[in-house]
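Trainee: Could you take me through one part of this model slowly, as if I were meeting it for the first time? I would like a close look at a pair of packed helices, with a few residues on the way there and back.

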Amino acid sequence: MASIKTPHIVLAAVVAIILSIGGSTLLPVDIYTSCWWLAFWLAAGVGMAYSFVRCRLWRRPVIGLLHLSLLLILVGGVVTALTSVSGRLHLQPGVSQGWFVDNHGERHQLPASLKLIEFNTDYYPGMSFPSDFRSEVLTSSGDTIDISMNRIGELDGYRLYQTSFDGRGGSILSVTHDPVGIPLTYCGYALFAIAGLMWIVRHFRFIAKAAIICVPLLCTLEAAAVPAVGPEEADAIAGRQVIFKGRIVPFSTVAREFTLKLTGDSKVGSLSAEQFLASLMLYPKEWSKERYIYVKNASLRQALGIEGKYVSPASLYVEGEYLPARLYKDGAGKLDDQIIRLDEKIALLSEAWSGALFTPLPETDVRRRSDVSIKIEVIYNRVEPMRILFMVAFLLGLLMVGAVMLHYEGLVYPVAVIFTTISLAAYLWLWIISGHVPLASAAEIMEFLAVALMMVTVFVSRRRPLLCAIGVLMSGFAALMAWLSAKDPAMTPLMPVLASPWLAVHVSVVMASYALLAMTMPMAAVAFFDVSRRESLVALSRNLLIPGIYLLGIGIILGSVWANQSWGRYWGWDPKETWALVTLLLYAVPLHGRLVPRNEPRLYCGMLLLGFLSIIMTYYGVNFLSSLHAYQ
């Protein structure tokens with residue numbers, strides 16, 4: 001009896017510690033620099049080293065190297081915390097400076113003095129939104145250093161990062177000096193990548209192939225009888241090229257995003273998005289009295305005295321006073337976030353009426369896109385593949401479940417393959433028209449997840465029609481989330497720090513891992529209750545669990561390296577980072593037989609279900625916390 005209870009007690013303690021790490025995101029940020037927090041991780045490192053020796057992991061080279069890599073990463077982090085120096089350097093044009101100020105206000109000498117030659121801001125075409133910040137710096141030895149976002153300057157072991165500017169021609173740089181911690185940590189990263197890949201290839205070759213496939217891809221308004229542009233006129237201008245928020249796009253894209261942002265739908269009554277925007281611009285007086293601005297929050301509608309979910313622009317003003325301004329509490333009120341969102345819509349409407357929403361691109365401009373690419377984008381806007389995908393996925397999933405119940409299993413898998421191909425084609429279509437890997441917004445990330453889920457489903461469920469049906473339903477849910485997010489599009493281009501090749505690699509690997517790990521959830525749910533299928537589902541879920549954990553670890557590592565390239569730190573205990581670590585640890589627990597014995601499959605399934613809840617928290621829950629990664 002004691003031998004059974006002891007693992008359960010240890011497991012409960014381990015899970016409690018892991019969840020406490022995640023719960024630390026609700027505590028003051030000072031905890032991450034406290035002595036007790038550092039002591040906690042030192043104790044974790046000692047415990048890991050003790051387990052390495054006690055279990056004699058050197059006898060199992062691959063597993064031993066994998067655990068050694070984690071220990072090396074932990075040691076590197078502790079060394080960074082104890083020995084590194086970081087701070088800020090404010091350079092003024094033509095003024096030499098040989099020191100920087102750390103986070104405690106103390107001065108530290110640099111190996112050489114620096115002088116700012118010039119600071120420049122690059123902008124997206126046709127707008128004042130910055131695409132990059134660049135500083136040209138001269139050292140006392142006569143060398144020139146170019147520093148920009150995602151491009152580090154090196155000075156005898158000191159790393160210089162472009163952080164900000166003072167608006168008076170001066171540049172603000174971050175400075176870090178960590179000659180030991182970073183190499184140790186990066187060695188741990190490399191060892192994790194190599195050892196994990198060896199582990200997968202050696203024992204689960206077919207899952208390694210799946211991971212390789214997944215990594216690179218992975219209410220209607222009633223319009224009143226107001227003047228409106230006809231469909232023929234709208235079609236004639238749909239393909240006109242314009243500069244919109246730093247992008248060269250057809251008028252159709254401007255109209256679609258504008259209409260979605262204001263109304264929450266891609267049409268207004270019987271009017272297409274192109275007709276709606278063109279009509280607004282041509283007849284501002286008439287359209288100012290129509291109700292088409294969507295106000296989602298019921299409390300805000302009640303406070304403004306709005307009946308229904310839509311409001312006219314004119315009704316938001318009384319004797320020239322903007323009514324939402326009365327309710328705004330300088331960021332401290334419960335409705336302030338919703339008021340800001342309404343303000344964004346009114347600001348866009350003002351831009352449309354003032355002619356500042358977009359800039360027509362002359363026929364002779366060398367930046368013009370090809371007619372073919374423009375037509376492809378116009379068709380995409382009108383087809384709305386994301387909306388079709390989630391509807392079809394839900395319908396197919398239900399039909400597949402019915403087919404399984406009626407013993408028509410032979411139809412399930414071929415249909416899933418066809419739907420996967422169509423989903424992948426739709427994602428590649430979005431990739432072509434966006435001009436970059438579509439992983440920069442919540443909608444694009446969820447669409448990637450929908451495609452990745454379908455690819456994993458097709459790979460693992462050839463002889464399991466019910467699992468195939470469940471996978472299609474899960475993909476449909478992800479596609480629905482993508483569509484709902486796309487209904488409130490981001491109307492600004494990428495921030496300078498996101499204009500990096502690291503974005504596509506980091507996000508795609510993490511979302512591929514989520515697809516693999518998420519597929520273990522329905523398996524665990526069925527296996528928890530169905531004894532007859534338990535053994536096969538547990539075995540299959542374990543085969544998905546290992547590459548899923550590995551890809552999540554690689555995704556976290558890629559994000560850490562990117563953060564180090566951009567901000568000079570590879571880990572900052574941001575809520576997204578912290579919960580990604582919690583997710584990794586929770587899913588790793590079932591792989592340890594001392595914690596979750598193989599003869600207790602229900603306990604194993606319960607841990608997978610808990611891990612899935614952690615995924616939801618990692619992706620969605622942290623949006624309600626102060627996070628650099630929030631997608632609200």
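Mentor: Happily! Let us begin with a term: a helix here is a DSSP run of H or I with at least four residues, and helices are numbered from the N terminus. Keep in mind as well that this is a predicted model.

Let us warm up with one residue, Val538, which you will find in helix H19 (residues 531-567). Is Val538 buried or exposed? Its relative accessibility is 13%, and the cut-off for buried is under 20%, so Val538 counts as buried. Leaving aside residues up to four places away in sequence, Val538 touches Ala527, Pro601, Tyr604 and Cys605. You can also trace from Val538 to Arg602: the two are 64 residues apart along the chain, while their C-alpha atoms are separated by 9.4 Å. Arg602 itself lies over the face of Phe528, 4.2 Å from the ring centre.

Now to the pair you asked for. Two packed helices are described by the angle between their axes and the distance between the axes. For helix H14 (residues 385-405) and helix H15 (residues 412-434), the angle is about 170° and the axes are 11 Å apart. Angles over 145 degrees count as roughly antiparallel, which means that H14 is roughly antiparallel to H15.

Which residues of H14 and H15 meet? On the H14 side they are Pro385, Leu389, Val392, Ala393, Leu396, Met400, Ala403 and Val404. Their partners in H15 are Val412, Val415, Ala416, Phe419, Ser423, Ala426 and Trp429. Sorted by class, this contact has 14 nonpolar residues, 1 polar residue and no charged ones. If you want to find the polar one, look for Ser423 in H15.

Look next at Glu384, in the loop between helix H13 (371-383) and H14. Its phi is near 55°, a positive value in a residue other than glycine. Glu384 counts as buried because its relative accessibility is 8%. Compare Arg56, which is not a glycine and has a positive phi of about 50°. Arg56 sits in the loop between helix H2 (35-54) and helix H3 (61-83). With a relative accessible area of 42%, Arg56 is partly exposed, whereas Glu384 is buried.

From that loop, let us turn to the aromatic rings. The model has 26 aromatic pairs. One of them joins Phe52 and Trp58, with 6.4 Å from centre to centre and 50° between the planes, a tilted arrangement. Phe52 is buried, at 18% relative accessibility. There is also an aromatic cluster made of Tyr32, Trp36, Trp37, Phe40, Trp41, Trp571 and Trp573. Elsewhere, the charged end of Arg107 sits over the ring of Trp99, 3.7 Å from its centre.

Two more buried residues make good practice. Thr259 belongs to helix H7 (residues 251-263) and has a relative accessible area of 0%. Apart from residues up to four places away in sequence, Thr259 touches Gly264, Asp265, Ser266, Lys267, Val268, Ala273 and Phe276. Phe448, in helix H16 (residues 442-460), counts as buried at 1% relative accessibility. From Phe448 to Ala278 there are 170 residues along the chain, and their C-alpha atoms are separated by 33 Å.

When you go back to the structure, start again with H14 and H15: find the axes 11 Å apart, then follow the contact from Pro385 and its fellow residues in H14 across to H15.

How values were computed
Residues are numbered from 1 along each chain as its sequence is written. This is a predicted model: local features need pLDDT of at least 70, side-chain atom pairs count only at pLDDT 80 or more; totals for chains, interfaces and linings use all residues. Side-chain values use heavy atoms; hydrogens and water are left out. Axes are lines fitted to C-alpha atoms, for helices over the stretch in contact, and angles run from 0 to 180 degrees between N-to-C directions. Helices (H or I, at least four residues) and strands (E, at least two) are DSSP runs, numbered from the N terminus. Angles under 35 degrees count as roughly parallel, over 145 as roughly antiparallel, 65 to 115 as roughly perpendicular and the rest as oblique. Contact means heavy atoms within 4.5 Å. Rings of Phe, Tyr and Trp (its six-membered ring) pair if their centres lie within 6.5 Å; planes under 30 degrees apart count as stacked, over 60 as edge-to-face and the rest as tilted. Buried means under 20% relative accessible area, exposed over 50%, partly exposed in between (1.4 Å probe, protein chains only). A charge sits over a ring if NZ of Lys or CZ of Arg is within 6 Å of the ring centre and within 35 degrees of the ring normal.
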